[in-house]
Amino acid sequence: MRVGTPLFSNATKILLLGGGELGKEIVIEGQRLGLECVVVDRYQHAPAMQVAHRSYVVDMKDGNSLRAIIERETPDYIIPEIEAIDTEVLVEMEEFGYKVVPNADATRITMNREYIRRLASEKLKFKTADYRFAESLEELKEAVNELGTPCVVKPIMSSSGKGQSIIRNKEDIERAWKHAQVSARGVGSKVIVEEFIDFDYEITLLTAKTEDGIKFCPPIGHIQIDGDYHESWQPHPMGEKTLKEAQRIAYEIVSMLGGRGIYGVELFIRGDEIIFSEVSPRPHDTGMVTMITQNMSQFEIHLRCLLGLPVDVEMVVTAGASHVIKSNIDKWAPQYDVSDALKVPNTKLRLFGKPVARVGRRMGVALAYGESIEVARERAKRCAHAVKVF
């Protein structure tokens, strides 16, 4: 694999579609590997834009705008990082010879909850939550009546809990419908309605599709609040039989989706039963813990996969954890007091640099390691809570 010089005619160029905190880490790893990094997002000064060579501000659901940027930049690799993208344009661009990571069809399928759920449940025959789809308030009422309450409603294109609601009674239905319509990241009004799964725990199994085959990172346990990642830890303890079955499920779906790159496979575990939840064709928010636990973070692995370079999925600490830092204020250009946070031993901070703070918005993450999961989690939580946003 040969890499050129950024900003010169022989540069090896990546075009990152989405400039959030995950994209920022991809760009940082890309810079380390000597790649020219171009970022596109819907707002100026997004985290990844702050470390990229160049950036654009457009609505990527506008296919014409997205196509124009791709044709102008002629990147070696196109890396989708968010759901709010016209994925049909990516399919079209791939037909013209552009390389989409992991590939355009995998991106199109996984970023749409209807496509991926039908693939997992109906084609691969994985155990999933019972589900229905609804395109109107009346259809949502029918779906809730069939599935019963509680149940979960999500836009078919969204992430990080955006637009997600739990319906506990009939009075919640209209509110959930409106919330899904306002918060969806994609085009259209369709939602997925899922039975509420009572699980023992949930994991993300980061699965790397490399030139040398499929490799699995140690499982990551996590807690979500309102559908959004709140904390994660690695490795999550699992019986050998359960882990092997989880790896089999991840292997099957990643093999079918193909391409090269890292996938975040989300699974619910209930006893010995494994229930498929979702899969992301890119680094996962719960996988930010790998920045302190693994020799190669999920971001470096993603880039190494697409470049055809060797990949190492081994941990370098006994246990590690991450905990989100959320804002409790609304403010442009917030400031942070981190003086007490980094007094917690064996911790690191990643402040994302988002230009606007909103109540509940994820502004950073605390990372910690320790001799056990419990110690690492306690340190990460203490560090995160000590950061003051003002």
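Leaving aside its neighbours within four places in sequence, which residues is Ile79 in contact with? In this predicted model, the residues that Ile79 touches beyond those neighbours are Ile14, Leu15, Leu16, Leu17, Ile26, Val101, His302, Leu303 and Leu306.

**The nonpolar cores**

Ile79 also belongs to the largest nonpolar core, a set of 28 residues in which Ile14, Ile79 and Met288 have the most contacts. Several elements give two or more residues to this core, namely strand S1 (13-17), helix H1 (21-32), strand S2 (36-41), strand S4 (77-80), helix H9 (290-293), helix H10 (298-307) and strand S20 (362-370). Of these, H10 gives the most, with four residues. Because domain 1 (11-99) and domain 3 (199-387) both give residues to this core, it lies between them. In soluble globular proteins, nonpolar side chains tend to be buried together. A second core, separate from the largest one, has 24 residues, and Ile116, Ile203, Leu205 and Ala246 are included in it.

**Two annotated glutamates**

The UniProt annotation "binding site", which comes from an unreviewed entry, covers Glu266 and Glu278. From this set, Glu278 is part of the lining of the second largest cavity. Glu266 is found in strand S13 (residues 261-270), while Glu278 is found in strand S14 (residues 273-280).

With neighbours within four places in sequence left aside, Glu266 is in contact with Ile203, Thr204, His222, Gln224, Phe276, Ser277, Glu278 and His284; one of these, Ile203, is also a member of the second core. On the same basis, Glu278 is in contact with Arg113, Lys154, Gly264, Val265 and Glu266. The side chains of Glu278 and Arg113 are, in addition, joined by a polar contact of 2.9 Å.

**A glutamate in helix H2**

Glu71 lies in helix H2 (residues 63-73), and its contacts, apart from neighbours within four places in sequence, are with Met93 and Tyr98. Between the C-alpha atoms of Glu71 and Ile203, which are 132 residues apart along the chain, the separation is 39 Å.

The table sets out the accessibility of the glutamates described above.

| Residue | Relative accessible area | Class |
|---|---|---|
| Glu71 | 45% | partly exposed |
| Glu266 | 8% | buried |
| Glu278 | 16% | buried |

Since buried means under 20% relative accessible area, Glu266 at 8% counts as buried, and so does Glu278 at 16%, whereas Glu71 at 45% is partly exposed.

Terms used
Residues numbered from 1 in each chain as written. Predicted model: local features only at pLDDT ≥ 70, side-chain atom pairs only at ≥ 80, totals over all residues. Heavy atoms only, no water. Core = buried A, V, L, I, M, F, W, Y, C linked by side-chain atoms within 4.5 Å. Buried < 20%, exposed > 50% of the residue type's maximum accessible area, 1.4 Å probe, protein only. Domains from an automatic or database assignment. Contact = heavy atoms within 4.5 Å. UniProt positions renumbered as here; feature names shortened; annotations may be inferred. 1 Å grid on protein atoms, 1.4 Å probe; cavity = no way out; pocket = protein on both sides within 12 Å on 5 of 7 lines; lining within 4 Å. Polar contact = N/O pair within 3.5 Å; in protein donor to acceptor, adjacent residues only side chain to side chain.
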